[in-house]
Amino acid sequence: MPSEQIHAVMAKRPPHQPSFDGEPPGPDELDSPAIEAAALDIPPPESDKALQKGVWERPTTAEYKPTTDGSTVLRFDILLAHIMPPDGEDVKIKRFVVYELTVKQDGATEDTQPAKIERRYTDFRELYLGLKRQHPAEMANKYFPAKVLMGNFKSELIGERSAAFEAFLTYVASQAKLRDSEDFLRFLQHDELTRACQFLDERRNEMAIPILENCFRLLNKIYMNRSRPVLLILCRLVAACTSSPVPHHAAERWALLALSRFETLCDIDLLPLYIPLLHTCAHLWWQRGQDQKPITDRLTDMSKQGINTANIESLMQAIHKIDPRTETI
């Protein structure tokens, strides 16, 4: 569809603001700021004995300090790590440490819905090397813990590496070139997105949706609310919630948020998602007995301006054209 026609029916985008978490409004409040809050509402001292059981926990955690100027603070914390495979399982597999990374966006109040992902040392190292190749100036003289031949499972080493990983990710997120790189986005979502798409292939949407929700919350803390990574994962989440004959119970909540985010979108590459999204939401509203008129009126207005609003492809098919994955289209 001609991009200039779509621009004609969309308002100019205001500056992005980081979003926060909170309960969904009704479908008649598509322009309400409450939609942003709605969709996102969703240890003892360390001992050698605990590590022998395959678990490392940080002895102390930083005390939460609320901001007083309305700003937010992005935090990367590794509070837990465990050794895989556990004792007695798969003795033929070389053991390794899995670090549980917690990402929070604290402000005047503490973020009570952090996103969590698990990564190995090799994942952090791959990110470091990729960024160093692509952005040598930004990565000059940046510390990264070296490989060791022995002692990988010592609590002291795990603690030192955890602190180094936190500092490294904090730096990456603070630098626009590094934060917006493909290497960083892959580190944040590739494993989980691959697993979710496999579940979608198997028509196990109920298993994919929680993974996609966590992916969305993670990316939504790091990137702006109308950025490409956030909108793509949000649309994928809406598609996963609505592709079954009976929509997921969270479908309306995520659909409302997606409609709100697309209201002032200016990214040409993502505009082809808008009409499939509108059709998906109109059908969902019909299934739920909700008023479809705000959505159908929008489609009618676009059609009068010469934009092809025929439902020629599903939302998942439109997503696949922009970001091909393994999920069935």
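Leaving aside neighbours within four places in sequence, which residues is Leu-169 in contact with? Select Leu-169 in your viewer and add Phe-76, Leu-101, Phe-124, Leu-127, Phe-184 and Phe-187, because these are its contact partners, with contact meaning heavy atoms within 4.5 Å. Keep in mind as you explore that this is a predicted model.

**Stop 1: the nonpolar core**

Now widen the view from Leu-169. The largest nonpolar core has 86 residues, and Leu-169 is among those with the most contacts inside it. Add the others named with it: Phe-168, Phe-184, Trp-254 and Leu-273. Helix H9, residues 228-242, gives this core its largest share, 11 residues. In soluble globular proteins, nonpolar side chains tend to be buried together.

**Stop 2: helices H8 and H9**

Keep H9 on screen and select helix H8, residues 205-222. The axes of these two helices come within 9 Å and cross at roughly 160°. Angles over 145 degrees count as roughly antiparallel, so H8 is roughly antiparallel to H9. The crossing in which H8 passes H9 is left-handed.

Show the side chains where the helices touch. On H8, pick Asn-205, Ile-209, Leu-212, Glu-213, Cys-215, Phe-216, Leu-219 and Asn-220. On H9, pick Pro-229, Val-230, Ile-233, Leu-234, Arg-236, Leu-237, Ala-240 and Cys-241. Try colouring the residues of this contact of H8 with H9 by class: you should find 12 nonpolar, 2 polar and 2 charged.

**Stop 3: helices H8 and H10**

Stay with H8, but swap H9 for helix H10, residues 251-262. Here the axes of H8 and H10 come within 13 Å and cross at roughly 35°. H8 passes H10 in a left-handed crossing.

Which residues make this contact? From H8, select Glu-213, Phe-216, Arg-217 and Asn-220; from H10, select Arg-253, Trp-254, Leu-257 and Arg-261. By class, the contact of H8 with H10 has 3 nonpolar, 1 polar and 4 charged residues. You have met Trp-254 before, as one of the residues with the most contacts inside the largest nonpolar core.

**Stop 4: Lys-177**

Next, find helix H6, residues 176-179, and select Lys-177 in it. Is Lys-177 buried or exposed? Lys-177 counts as exposed because its relative accessibility is 54%, and the cut-off for exposed is over 50%.

Not counting residues up to four places away in sequence, Lys-177 touches His-135 and Glu-138. Try the distance tool on Leu-131 too: the C-alpha atoms of Lys-177 and Leu-131 are separated by 9.5 Å, while the two residues are 46 apart along the chain.

**Stop 5: details in three loops**

Start in the loop between strand E2 (73-84) and strand E3 (96-106), where Pro-85 lies. Zoom in on the bond joining Met-84 and Pro-85: this is a cis peptide bond, with omega about -10°.

Then go to the loop between helix H4 (121-134) and helix H5 (155-174) and select Asn-141. The phi of Asn-141 is near 65°, a positive value in a residue other than glycine. With 82% relative accessibility, Asn-141 counts as exposed.

Finish at Arg-203, in the loop between helix H7 (182-201) and H8. What is the phi of Arg-203? Arg-203 has a positive phi of about 60°, although it is not a glycine. Arg-203 counts as exposed, with a relative accessibility of 56%.

Note on methods:
Residues are numbered from 1 along each chain as its sequence is written. This is a predicted model: local features need pLDDT of at least 70, side-chain atom pairs count only at pLDDT 80 or more; totals for chains, interfaces and linings use all residues. Side-chain values use heavy atoms; hydrogens and water are left out. A nonpolar core is a set of buried Ala, Val, Leu, Ile, Met, Phe, Trp, Tyr and Cys residues joined through side-chain atoms within 4.5 Å. Buried means under 20% relative accessible area, exposed over 50%, partly exposed in between (1.4 Å probe, protein chains only). Helices (H or I, at least four residues) and strands (E, at least two) are DSSP runs, numbered from the N terminus. Axes are lines fitted to C-alpha atoms, for helices over the stretch in contact, and angles run from 0 to 180 degrees between N-to-C directions. Angles under 35 degrees count as roughly parallel, over 145 as roughly antiparallel, 65 to 115 as roughly perpendicular and the rest as oblique. A crossing is left-handed if the near helix is turned anticlockwise from the far one by less than a right angle, and right-handed if clockwise. Ala, Val, Leu, Ile, Met, Phe, Trp, Tyr, Cys and Pro count as nonpolar, Asp, Glu, Lys and Arg as charged, and the others, Gly among them, as polar.
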